[in-house]
Amino acid sequence: MSEILFHYRKVDPTTWVYLSSLLTMCVFFKFNRFWSVRNLDLVLLVLLAPGLLMVNEARRMAASDLAVPGKDTVAESSSAAALAPSVQRDEPAAPSTSAPPARAASDLSPRDLAYWGYVWLLAMALVWLVRMLLDTMMVRRPLLEPNLTTGGLIFLGCSLFVFLMANVITSDPSPDDLKAAAGAQALLQRRDTLGQEDKPEQYQRYGPGYYFLHLLPSIPTHPFIRGEGGASGRWYALVAKTMAISSHLAVVLALVILGYWHFDNLKMGVGAATLYLMLPYTAQMTGHVDHVLPAALLLWAVVLYRRPVLSGLLLGLATSVVYYPLFLLPLWASFYIERGLGRFLTGVLVSVSIMVFSLALVSSDLTSFWLKVQQMFALWIPRTQGLHGIWALGWDPWFRLPVIAGCVALAGSLALWPVHKNLGTLLSCSAAVMLAVQFWHAYGDGGGMYMNWYLPLVLATVFRPNLEDRVALSVLGEGWLLRRRTLLVHFGRAA
């Protein structure tokens, strides 16, 4: 962003963690109610940062090792590949005016540091999973507003948003991220970007999700990752930047509207949105569309929960984009079972059908189309090869099978418990399900790193008041046909 602000330099992730953590405590910590659940939640949010920093530092170390002459070894290449796609071996070394910092012999290797970083992230995800499941039992929810005024929160949130999005605008995707976008021209010509031969392995290596999403490059906003521009990828980078910025804006607006419409407290909504922009994770993963787009769709599904068709459309889109929101269907269906279930399921089926039909438009034959549908809904046996995250750094991939079974059991049980579901239940249990999938997600940045899938829902749960009266039977209309029949009965004209 030095092109906009003279001598501006991107903030180092570690520096951002320190500053944002102190600012979070200053603005949101309730010093007059020290022993409160709100303060515990803030501490748990801050404790997400160490694991993120460890993975981030491991990537920086791996990138530095690949840039040092004489370290071009097969072992280091495979280690870098296991850490993250952004530091693959075929990425050219970033120019530097000074030698990479030396590491002491006792320091952890990048692989070990990344391993413990992922362990930390998953451990904190487990704590948050328990916290979200217990939230349904917390009836007393005293009003604990942020320490800053509403105007101050709006000013702070707008300033953070401008700086974060400016980093996205002025950054370029890495060469490795442009590989997927390089074949987009073939896609427009109804040819697959994954090669002339349709092989299931070619689709499965990207993980479950929408085919088009893998064409978009990630925009790295780290100061130690140098992006690469050029005419070949600028249009795809432009699309990725536009979608990332729009998705973050959608998340922020959804949190504000959620506070205004459903919490009856604008300040709480603005506070949740400001805290979202303040988190270290948001600053480090600002340009990753696959992180933030599902979050925007899920959060707006909650905002529009009084319109079952629209909520179904948005949840169906989220499921089609990254697959994992599919496990939210039992919870949401049980919420609408008293009223609105048909409209909700209609919205889900319509959006999924549209997304599936769009795949047919870019498939050369039936085999190509079926492989894309398999990728969208993960219709394959869980993989044990070519994984990322903790499953590539020491954990036996076969243990993913019981983890997947446990996640499915949790998602199914939420259809039965709690028996009476309200808006608060919808928020906390949706966050719990998206936390659970982190333990077996093994593609892209690896499980534990996709915190945006649950963080906005967690923030809405942390700031929400008592919502026991917001149940489907009391807040949803009966639908046009039933309402029409009621009017006829009222005027004595019913058959």
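Helix H11 passes helix H20 in a right-handed crossing, and this pair of helices is a convenient place to begin a description of the structure, which is a predicted model. H11 covers residues 266-278 and H20 covers residues 455-463, and their axes come within 10 Å and cross at roughly 145°. On the H11 side the contact is made by Met268, Gly271, Ala272, Leu275 and Tyr276, while H20 contributes Pro456, Leu459 and Phe463. Sorted by character, the residues of this contact divide into seven nonpolar, one polar and no charged. Gly is counted among the polar residues, so Gly271, which belongs to the H11 side, is the one polar member of the contact.

The setting of this crossing is a protein chain with 22 helices and zero strands. Buried residues make up 54% of the 495 residues in the chain. Among contacts between residues at least 6 apart in sequence, 80% join residues at least 24 apart.

Phe463, named above as part of the H20 side of the contact, also has a charged neighbour, since Arg38 lies over the face of its ring at 4.8 Å from the ring centre. A second arrangement of this kind places Lys372 over the face of Tyr211, at 4.7 Å from the ring centre.

Aromatic rings also meet one another, and the structure holds 19 aromatic pairs. One of them joins Tyr210 and Phe212, and another is formed by Phe335 and Tyr336; the table sets out their geometry.

| Pair | Centre to centre | Angle between planes | Class |
|---|---|---|---|
| Tyr210 and Phe212 | 5.2 Å | 45° | tilted |
| Phe335 and Tyr336 | 5.0 Å | 80° | edge-to-face |

The class follows from the angle between the planes: the 80° of Phe335 and Tyr336 is over 60 degrees, so the pair counts as edge-to-face, whereas the 45° of Tyr210 and Phe212 is neither under 30 nor over 60 degrees and therefore counts as tilted.

The surroundings of these four residues can be described through their relative accessible areas. Tyr210 is buried, with a value of 10%, while its partner Phe212 is partly exposed at 27%. In the edge-to-face pair, Phe335 is buried at 2%, and Tyr336 counts as buried at 0%.

Beyond pairs, Tyr323, Tyr324, Phe327, Trp440, Tyr450 and Trp453 form one aromatic cluster.

Conventions: Residues numbered from 1 in each chain as written. Predicted model: local features only at pLDDT ≥ 70, side-chain atom pairs only at ≥ 80, totals over all residues. Heavy atoms only, no water. Phe/Tyr/Trp six-rings, centres within 6.5 Å; stacked < 30°, edge-to-face > 60°. Buried < 20%, exposed > 50% of the residue type's maximum accessible area, 1.4 Å probe, protein only. Lys NZ or Arg CZ within 6 Å of the ring centre and 35° of its normal. Axes fitted to C-alpha atoms, helices over the stretch in contact; angles between N-to-C directions. Helix = DSSP H or I, 4+ residues; strand = E, 2+ residues; numbered from the N terminus. Left-handed = near helix turned anticlockwise from the far one by under 90°. Contact = heavy atoms within 4.5 Å.
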